[in-house]
Amino acid sequence: MKTILEKNGSSIEYRPVGQFEETRFEKIHNVIFSDSNRASIKVAEEIAALIRKKQKENKNCVLGLATGSSPIRVYEELVRMHKEEGLTFSNVITFNLDEYLPMEKDNRQSYWYFMHEHLFNHIDIPEENIHIPEGTIQGDDVIDYCLAYEKAIKKAGGLDFQLLGIGRTGHVGFNEPGSHYNSGTRVITLDHITRVDAAPAFLGIDNVPRKAITMGIATVRSAKRIVLLGWGENKADIIKKTVEGEISSQVPATYLQEHKNCTFVLDTGAGSQLTRNKTPWLVDESLDWTESLTSKAIVWLCEQTNKSILSLTDKDYNDNGMSGLLATQDSYDLNINMFNRLQRTITGWPGGKPNADDTNRPERAEPAKKRVILFSPHPDDDVISMGGTFDRLIEQGHEVHVVYQTSGNIAVSDADALRYAGIAKRINYSDEAQKLIDDIKAKKESSFDTLEVRKLKGNIRRGESYAATRYLGLPDENVHFLDLPFYETGTIKKNNLSDADIEIMMNIIKEVEPHQIYAAGDLADPHGTHKVCLDAVFEAMRRLKPEPFMKDCWLWLYRGAWHEWDIHEIEMAVPMSPDQVLKKRYAIFCHQSQKDGVMFQGDDAREFWMRAEERNKYTAQKYRALGLSDYAAIEAFVRYEVN
């Protein structure tokens with residue numbers, strides 16, 4: 001069966017398992033796109049083509065639909081096609097995968113609300129053709145309701161197309177580990193990891209329901225066509241297990257290996273752990289051994305053999321699938337070139353070393369004193385991700401400006417807000433402080449903060465930021481708060497990046513005229529703000545490219561609290577002494593509202609300072625294991641060219 005998915009400009013046909021030998025490790029057909037936006041558009045085009053085909057045949061088109069962040073762009077494109085290209089949904093019948101239990105329809109976290117907000121309110125689908133599991137079913141009615149949902153799908157003719165996302169537990173729908181391949185629609189208890197992942201949307205894990213109603217594995221597998229969406233590095237491990245692992249109830253998505261017409265549509269991050277991407281030399285012996293691929297392979301080989309770079313032998317290369325690389329150079333040359341490349345990434349002068357030969361240094365020697373912008377998506381990413389480098393730049397006399405792109409107000413708990421409002425009341429007994437207290441106490445589950453409460457929470461984050469920057473010795477006039485409009489919705493769901501956001505970004509760059517810009521390149525942020533903030537940096541720099549000062553402006557990307565650059569990717573490694581590690585820790589401690597129970601924890605129970613510290617120490621350990629110098633900790637950066 002053909003699909004309209006494309007790769008490198010040409011169409012791709014679905015190929016059954018075992019018939020795509022270039023990916024012999026894989027058991028599910030998958031297509032990897034450079035970004036999720038392009039991939040989503042192609043999936044929407046396939047759905048639209050199916051709808052139109054059914055219309056010509058005078059038949060209904062039965063769609064199984066998913067919620068969550070993965071399909072949002074698909075729905076946006078379908079809405080655009082409806083409004084601009086006349087795509088009608090008059091013959092479409094939909095069945096959603098799941099719903100939290102208990103959950104009222106008008107709750108902003110309900111999937112009924114999600115689907116209407118992102119799709120149904122904007123197209124011409126008949127209301128009676130929409131089916132979403134009911135989140136208020138209770139007691140003895142549950143079994144009958146689930147059976148009726150299954151019968152409704154069969155009465156409609158079965159699912160022509162099922163759109164899926166995938167959870168980090170390997171769940172599809174809410175079919176958690178342990179689900180049976182013959183399971184139907186039913187109530188299920190949510191896995192802890194699933195609830196952790198949902199916690200940001202509910203403003204804390206305590207607010208996430210413990211149960212849900214979901215289509216079963218058998219129901220999903222009955223669809224004639226299945227497309228699963230996977231975006232981002234945080235999905236890479238589970239994608240690898242699903243695509244390359246054995247079928248197991250502990251990873252329910254592996255049941256899709258037996259489906260006859262299933263495609264996983266991935267971006268580069270989600271597909272990064274697949275063997276053909278992570279270790280392509282194990283798949284293809286006729287590789288083009290670029291410098292980047294060679295570096296990646298040698299670091300991997302050191303890890304496999306538990307050897308340093310300079311101790312690798314011809315046998316090590318041959319025994320681990322790298323005979324093709326060894327044919328291009330002998331092991332001595334490969335080893336010494338790689339050792340030198342990594343050695344040259346290490347610098348104690350992130351702003352460049354004055355009056356030094358900078359031929360092999362990461363940064364330029366001139367100008368000796370640089371103007372630097374450090375963009376921080378939230379009001380603590382600066383010190384969490386590059387606090388040591390931040391401190392070093394100040395100490396070495398550069399003109400450093402830290403720019404907080406968003407207020408970070410949604411990450412302040414109501415308890416912290418009440419504490420500060422209470423202090424304000426005790427100081428001046430103001431009516432305004434009492435109103436803040438009343439508003440916070442009156443807030444219902446999943447409702448918005450009032451504008452005044454949001455301002456209070458934003459000011460809490462702002463005060464903590466000043467505490468950290470003052471501790472590092474940065475003048476207050478070099479601290480900037482942009483409060484980008486896309487973020488200021490009062491909810492986890494943000495607006496799209498707008499020209500207003502870009503204009504604000506451009507203004508601060510033009511004001512400083514920097515020689516260096518540091519920005520968060522961590523796209524694994526669980527609530528997406530980092531990606532939008534990075535897109536804002538890229539777009540602002542693109543629009544400013546004609547400006548004369550931009551010819552001398554370099555962009556360095558750091559990573560956040562969730563991931564670090566792989567060793568072979570690092571282009572600047574800034575070592576820290578034990579004293580600097582402690583100084584960074586204390587700067588992070590200034591952000592008190594994000595300590596001892598941070599709201600957006602992700603899948604890691606450690607506090608941010610612990611994650612950052614251990615990550616920096618681990619990077620230093622990796623350098624040491626490869627045979628390089630021994631440091632207490634290292635912060636890592638990659639240089640990026642904005643086109």
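**Close-up views of a predicted model**

**View 1. The end of helix α20 and what covers the helix.** In this predicted model, α20 gives way to Gly627, a residue with a positive phi, near 100 degrees. Helix α20 itself runs over residues 608–625. Its 18 residues, at 1.5 Å a residue, should span 26 Å, and the end C-alpha atoms lie 25 Å apart, so expectation and model agree. Take a moment to look along the helix for its buried residues: Phe608, Trp609, Arg611, Ala612, Glu613, Arg615, Asn616, Thr619, Ala620 and Tyr623. The elements that cover them include three helices, α12 (331–343), α13 (381–395) and α19 (578–589), together with the strands β18 (572–576) and β19 (633–640).

**View 2. Arginines over tryptophan rings.** Here you can find Arg364 with its charged end over the ring of Trp554, at 4.1 Å from the ring centre. A second example is Arg559, which lies over the face of Trp565, 4.2 Å from the centre of that ring.

**View 3. An aromatic cluster.** Phe95, Tyr145 and Tyr149 are joined into a cluster by ring pairs. For the wider setting, the model has 16 aromatic pairs, counting rings of Phe, Tyr and Trp whose centres lie within 6.5 Å.

**View 4. Pro475 in its loop.** Pro475 belongs to the loop that connects α16 (451–471) with β15 (479–481). With a relative accessible area of 36%, Pro475 falls between the buried limit of 20% and the exposed limit of 50%, so this proline counts as partly exposed. Do look for His401 too: 74 residues separate His401 and Pro475 along the chain, and their C-alpha atoms are 9.0 Å apart.

Methods: Residues numbered from 1 in each chain as written. Predicted model: local features only at pLDDT ≥ 70, side-chain atom pairs only at ≥ 80, totals over all residues. Heavy atoms only, no water. Phe/Tyr/Trp six-rings, centres within 6.5 Å; stacked < 30°, edge-to-face > 60°. Lys NZ or Arg CZ within 6 Å of the ring centre and 35° of its normal. Helix = DSSP H or I, 4+ residues; strand = E, 2+ residues; numbered from the N terminus. Expected span 1.5 Å × (residues − 1). Buried < 20%, exposed > 50% of the residue type's maximum accessible area, 1.4 Å probe, protein only. Contact = heavy atoms within 4.5 Å.
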